[in-house]
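Biologist: Here's one I'd like walked through, with a close look at a single part. Take your time and set that part in the context of the rest.

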Amino acid sequence: MLRALRSVSVIWMGMLLAAGLSFLSQVMLARSLPRSDYGLFSAISNLILIIAPLATLGVGNYWLKKYGQNGWAGQHWVKPSAKLLMMSVPVSLFLVIVIGSFAWPEPESGKLVYFLCPIIIMRVFSDTASSRFQLEERFFMLAVWRLIPPIGRLMVVSVVFFNGFGIYDLAKDI
């Protein structure tokens with residue numbers, strides 16, 4: 001009972017910290033970017049966040065289900081689902097680039113779309129690693145792993161915030 005409470009507490013604290021870091025990132029972006037740049041960034045970010053689940057196809061949750069049903073015999077589902085991910089990620093990236101090029105035809109906006117595309121790949125790794133850590137009951141590592149994206153986002157946003165860059169300044173250098 002105590003072990004379960006400790007595990008839930010670690011995950012809960014990690015989620016609270018991740019939410020706080022994400023909120024701080026958004027506040028810093030909103031304060032440092034002009035309204036039009038913030039709107040562009042938000043729109044492209046949301047496009048990527050909408051398409052990202054297509055890249056993962058719920059494979060992490062599927063693994064949890066199969067391992068829950070079959071125990072460690074669920075291992076035989078990992079290789080076929082990894083092959084599926086190898087097909088779904090390029091399709092998702094292609095969709096983001098095509099939709100992004102139609103929605104934002106300016107060259108700087110297109111560069112920003114490319115700049116944010118790694119979020120999709122990161123999401124795939126995050127979901128599958130999260131499932132693995134849950135299966136192995138390594139909840140501290142699960143909490144740490146889920147903190148990596150908000151910390152990375154905060155680092156990039158801090159560069160923008162403290163150096164007074166705009167979205168187009170970043171896109172010019174890409």
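Which residues are exposed on the other side of H3, away from the buried ones?

Modeller: Quick ground rules. This is a predicted model, in which local features need pLDDT of at least 70 and side-chain atom pairs count only at pLDDT 80 or more, while totals for chains, interfaces and linings use all residues. Residues are numbered from 1 along each chain as its sequence is written, and side-chain values use heavy atoms, with hydrogens and water left out.

The answer is Asn61 and Gly68, which are exposed on the other side of H3. "Exposed" is over 50% relative accessible area, "buried" is under 20%, and "partly exposed" is in between, with a 1.4 Å probe and protein chains only. Tyrosine 62 is also in H3, but with 31% relative accessibility it counts as partly exposed.

Now the buried side. Val59, Gly60, Trp63, Lys66 and Tyr67 are the ones buried in H3. They take up an arc of only 125° around the axis, so they sit on the same side of H3; the arc is that of the directions from the helix axis to the C-beta atoms. The background is simple helix geometry: an α-helix has 3.6 residues a turn, so residues three or four places apart point the same way. The buried residues of H3 pack against H2, H4 and H6, where contact means heavy atoms within 4.5 Å.

The length of H3 works out too: twelve residues at 1.5 Å each should span 16 Å, and the end C-alpha atoms are 16 Å apart, which agrees. The expected span is 1.5 Å times one less than the number of residues. After H3 comes glycine 71, with a positive phi near 70°.

Zooming out, the chain has eight helices and zero strands. Helices (H or I, at least four residues) and strands (E, at least two) are DSSP runs, numbered from the N terminus. The C-alpha trace spans about 50 × 35 × 20 Å along its principal axes, and buried residues make up 35% of the 174 residues. Of the contacts with a separation of 6 or more, 77% are between residues 24 or more positions apart. To get a feel for distances from H3, the C-alpha atoms of tyrosine 62 and proline 107 are 39 Å apart, with their positions 45 residues apart along the chain.

H3 also feeds the largest nonpolar core: it is among the elements that give two or more residues to this core, along with H1, H2, H4, H5, H6 and H7. A nonpolar core here is a set of buried Ala, Val, Leu, Ile, Met, Phe, Trp, Tyr and Cys residues joined through side-chain atoms within 4.5 Å. This one holds 31 residues, and Ile44, Ile48, Val96, Trp104, Val113, Leu116 and Ile120 touch the most other members. H2 gives the largest share, eight residues. As for tryptophan 104, leaving aside neighbours within four places in sequence, the residues in contact with it are Leu40, Ala43, Ile44, Leu47, Ser109, Gly110 and Val113.

H1 makes a good companion to H3. Its 31 residues reach 45 Å from first C-alpha to last, close to the 45 Å expected. Its buried residues are Ser7, Gly14, Ala18, Leu21, Ser25, Met28 and Leu29, and they pack against H2 and H7.

Then there's the empty space. On a 1 Å grid over the protein atoms alone, a cavity is a set of points where a 1.4 Å probe fits but cannot get out, and a pocket is an open set with protein on both sides within 12 Å along at least five of seven lines; lining residues have an atom within 4 Å of a point. Points are joined across faces, edges and corners, and a volume is the space filled by probe spheres set on them. The whole structure has one cavity of 30 Å³ or more, and the largest cavity comes to about 40 Å³. Ile11, Gly14, Met15, Leu142, Ala143 and Arg146 line it.

The largest pocket holds about 970 Å³. Among its 34 lining residues, Leu49, Ile119, Met122, Pro149 and Arg153 are the closest to its centre. H7 brings the largest share of that lining, nine residues.
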